[in-house]
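User: I am new to this structure and would love a close look at one single part of it. Could you pick a strand and walk me through its surroundings?

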Amino acid sequence: MSTTYLGHIFHVAGSPTVADAREHLVSLPDGALVVSDAGTIEWIGAARDLPPTFAGASVVDNRGGYIVPGFVDAHMHFPQTYSTDSYGGGQLLEWLDNCIFPAESRLADPAFAERIARDFTRRRVAVGTTAAMVFGSAFPHAQDALFRSTREAGLRVVSGRGIQTVGPESASALLTGEAEALALVRDEIDRWHAVDTGDATTARIQVAIVPRFSLSVTRETLRALGELYDEVRGSGVYFHSHLSENDSIIGGEIAAVKAVYETTSYLDTYDGRFMPGSTEGGSSLLGRRSIFAHGVHCTDDELARLAETGSSIAHCPTSQQFLGSGTMPWKRTAGSGVTVALGSDVGAGDEWLISRVMNDAFKVHISEPLEASVSLHPAELLFLGTLAGARALDMEERFGNLDVGKDADFLLIDPERWEPLSMLLEGRVRADDERVDADRELFALLMGLREPAIAGVYVQGTRVVAPE
Ligand SMILES: [Zn+2]
């Protein structure tokens, strides 16, 4: 028997770009969402128009509250679950050296790895992140714990072990030799990619090839990963890494990458052009299933190449503020045609809840100078944290909005569980125009939402349960 969920539904319907998101915003104040036993969306609309065929469906009444698509986090670090708000005494490279490499080394202990995997999954359930690209641990037993915990909870995940073949002393526990790095990635793909259904087009558990960033690997590693990716692309394996995050002139990430590789651009190192002068040395790691975190300081040529290859950017404004990485130029980046989705970047990002990342996106982009300033529309914010994430994960046909036929990945929000939110929604000034009022209501919902108000998290129609 189907189940009907009642409440105020907001979603971005169809398959728009971010530029068209506001025209695709659907607001159904007395909405009904009918979910089949198989977990797909059978019908969506105003409750008064519910077809008689669904009259016998059981009803979950969330009236007075909201129904929105599950949040998608396009970039988060599982081994950094306990590392949000870590003081590193500097920006990206200092923070990695002083805080993150030591923190991630603790996962060498299998019992600790189990605990952090459980807590990571609990956090994801609490904030309604139904799908995520998860930057993994160097340790295979920790990755096993992550995949097991995620699968038991019923969430979606793409993840891969963090590959490092070079690094400072503080990262020594995370490093492997070149051959071992390759063997471990192959093994992870063999054991976990689409393990739940045996088919990458339906699986909730999938694997990515994840070098931490170009500075953590060598030309030899990148060449070998390119060969491996050529082999496994066809089976839906992903690629994930960091790109152009920190542009400090002295000792910054981008300057260091160009100095080490002698390439003209950072992106070239992932694009097979990692030899001096950006000449070709191997296969490209770009493509429809490649997500690059940050891209704060990309050149126009880099953005064009990302767009041309169907690669995506995980935009992480919360993290970029925390590490002083700067602001990704919104208009230039979105205008390039590259898919931009939101990432918490936990733990450099200190917010797990994707709507808090939307909040930071709104603030940083309205604060861009002069004509670069943009006031992101609430529909664009919702798009970035839901449908754009599904698109970046190349799973848009399965989830990301509440269109009929998709898997029912959604959240029930009850403002009564968080007084500041209910006060905001009830006390706000109403607009006479219905559409303008819906935009304002969605904005208040997204900006005021906090974790306690998330009352239910569903993936494929089944309620997700946090591990004990
Ligand atoms: Zn990151």
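Analyst: Happy to! Helices (at least four residues) and strands (at least two) are DSSP runs, numbered from the N terminus. This is a predicted model, and by that count its protein chain comes to 14 helices and 16 strands. The radius of gyration is 22 Å, close to the 23 Å that the globule rule gives for 468 residues, so the chain is as compact as a globular protein of that length. Along its principal axes, the C-alpha trace spans about 65 × 50 × 40 Å. Buried residues, meaning those under 20% relative accessible area, make up 61% of the 468 residues.

Now to our chosen part, strand S9, which covers residues 205-211. Of its 7 residues, 7 are buried, so S9 is largely enclosed by the rest of the structure. Ile 205, Val 207, Ile 209 and Pro 211 point one way from the strand, while Gln 206, Ala 208 and Val 210 point the other way. Residues on both sides are buried.

What lies alongside S9? Strand S7 (residues 157-160) pairs with S9 in the parallel sense over 3 bridges. Here Val 207, one of the residues listed above, is the bridge partner of Ser 159. Strand S8 (residues 162-163) also pairs with S9 in the parallel sense, over 2 bridges. In that pairing, Gly 162 stands opposite Val 210 of S9.

Stepping back to the whole chain, consider contacts between residues at least 6 apart in sequence: 73% of them join residues at least 24 apart.

Definitions and conventions
Residues numbered from 1 in each chain as written. Predicted model: local features only at pLDDT ≥ 70, side-chain atom pairs only at ≥ 80, totals over all residues. Heavy atoms only, no water. Rg over C-alpha atoms; globule rule 2.2 N^0.38 Å. Buried < 20%, exposed > 50% of the residue type's maximum accessible area, 1.4 Å probe, protein only. Contact = heavy atoms within 4.5 Å. Pairing = 2+ DSSP bridges.
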